[in-house]
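The following exercises are intended to be worked with the sequence and the model side by side. Each task is followed by a solution in steps.

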Amino acid sequence: KADKGTLLLDEITEIVPSIQAKLLRVLQTQEFQKVGSSEKMTVDVRVVATSNRDLQVAVEEGRFREDLYHRLSVFPLHVPPLRGRLSDIPVLAEHFVKKYADRYDLPMKTIAPHLLQRFQTYRWPGNVRELENVIHRGVVMAGERNCIEEDDVLDQFFAGYAPNGNDSSRHSGAAVAEITANGSTPTIAEMERKLILNTLADDDVSQKEAAEKLGVSARTIRNKLQEY
């Protein structure tokens, strides 16, 4: 299907070694056989491979074939993480606002200046995907309003603290907003993690009970635990 076009191999380092060998052979010969067929097919495909890992480190650790690495790295491009290009945030945020406003047939929105400023001082450990999720939530929570405010995206569960200054101690994870031992303020992701784990540790509650306490689905808790 990609013949004469482009094939994107996303997260190339997640391919198991046995498939890496087959992929290398296809890239070298531009030929392959469909499963169950003895006929060889020839294709002309531009291949773009992406990874959020350091490929050279993966090669050194034996998780990625060195010959495949050299075959793929003809024109290597490095895209810095979002925290390394904070000036991109306003443009990306506007793009995601339009995307989700159109999806839900809501009015186009602006982002409150103080919230946009916070976006540009946050480390974004989840990179662009995390920014998109935050904007998605903001668009939905703002509803028919024309401006996304801080309270629309930084609530008790996701941020681990109350952005309007309200006391968050009603959760068992009340200590999530504390300053860390080295004097730095924890990230949103760190506070969220601590809130979830503290809730689960409280009298050894089940995942379902923790979800009810936090006002989220049990599936969300399961997904977060897998992530941690």
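**Exercise 1. Describe the surroundings of Asp152.**

Solution. Leaving aside neighbours within four places in sequence, Asp152 is in contact with Arg137, Gly138, Met141, Ala142, Arg145 and Cys147; contact here means heavy atoms within 4.5 Å. The model is a predicted one, in which local features need pLDDT of at least 70 and side-chain atom pairs count only at pLDDT 80 or more, while totals for chains, interfaces and linings use all residues. Residues are numbered from 1 along each chain as its sequence is written, and side-chain values use heavy atoms, with hydrogens and water left out.

Next, place the residue: Asp152 belongs to helix α7 (residues 150–153). Helices (H or I, at least four residues) and strands (E, at least two) are DSSP runs, numbered from the N terminus. Asp152 counts as buried because its relative accessibility is 7%; buried means under 20% relative accessible area, exposed over 50%, and partly exposed in between (1.4 Å probe, protein chains only).

Finally, examine the polar contacts, that is, pairs of N or O atoms within 3.5 Å; within protein, one must be able to donate a hydrogen and the other to accept it, and residues adjacent in sequence count only if both atoms are side-chain atoms. The side chains of Asp152 and Arg145 are joined by such a contact of 2.8 Å. The Asp152 side chain also reaches the backbone nitrogen of Glu149, at 2.8 Å.

**Exercise 2. Determine how many aromatic pairs the whole structure contains, and characterise them.**

Solution. Rings of Phe, Tyr and Trp (its six-membered ring) pair if their centres lie within 6.5 Å; planes under 30 degrees apart count as stacked, over 60 as edge-to-face and the rest as tilted. The search finds 2 pairs. In one, Phe119 and Trp124 are edge-to-face, at 5.6 Å centre to centre with 65° between the planes. In another, Tyr122 and Trp124 are edge-to-face, at 4.6 Å and 75°. Ring pairs thus link Phe119, Tyr122 and Trp124 into a cluster. Phe119 and Trp124 are both buried, and Tyr122 is buried as well.

**Exercise 3. Locate the largest nonpolar core.**

Solution. A nonpolar core is a set of buried Ala, Val, Leu, Ile, Met, Phe, Trp, Tyr and Cys residues joined through side-chain atoms within 4.5 Å. The largest has 22 residues, and Phe119 and Trp124 are among those with the most contacts inside it. Two or more residues are given by each of α4, α5 (113–119) and α6 (127–142). Helix α4 supplies the largest share, 6 residues. Apart from this core lies another, of 10 residues, including Leu23 and Phe64.

**Exercise 4. Which residues of helix α10 are buried, and how are they arranged?**

Solution. In α10 (residues 207–214), the buried residues are Ala210, Ala211 and Leu214. Seen down the helix axis, they fall within an arc of 100°, so they line one face of α10; the arc is that of the directions from the helix axis to the C-beta atoms. The face turned away from this buried side carries the exposed residues Lys208 and Glu212.

**Exercise 5. Compare the settings of Glu11 and Asp105, two residues with positive phi.**

Solution. Glu11 is not a glycine, yet its phi is about 50°. Glu11 sits in the loop between β1 (6–9) and α1 (17–29) and is partly exposed, at 25% relative accessible area. Asp105, also other than glycine, has phi near 55°. Its loop runs between α4 (89–103) and β5 (110–111), and Asp105 is exposed, at 70%.
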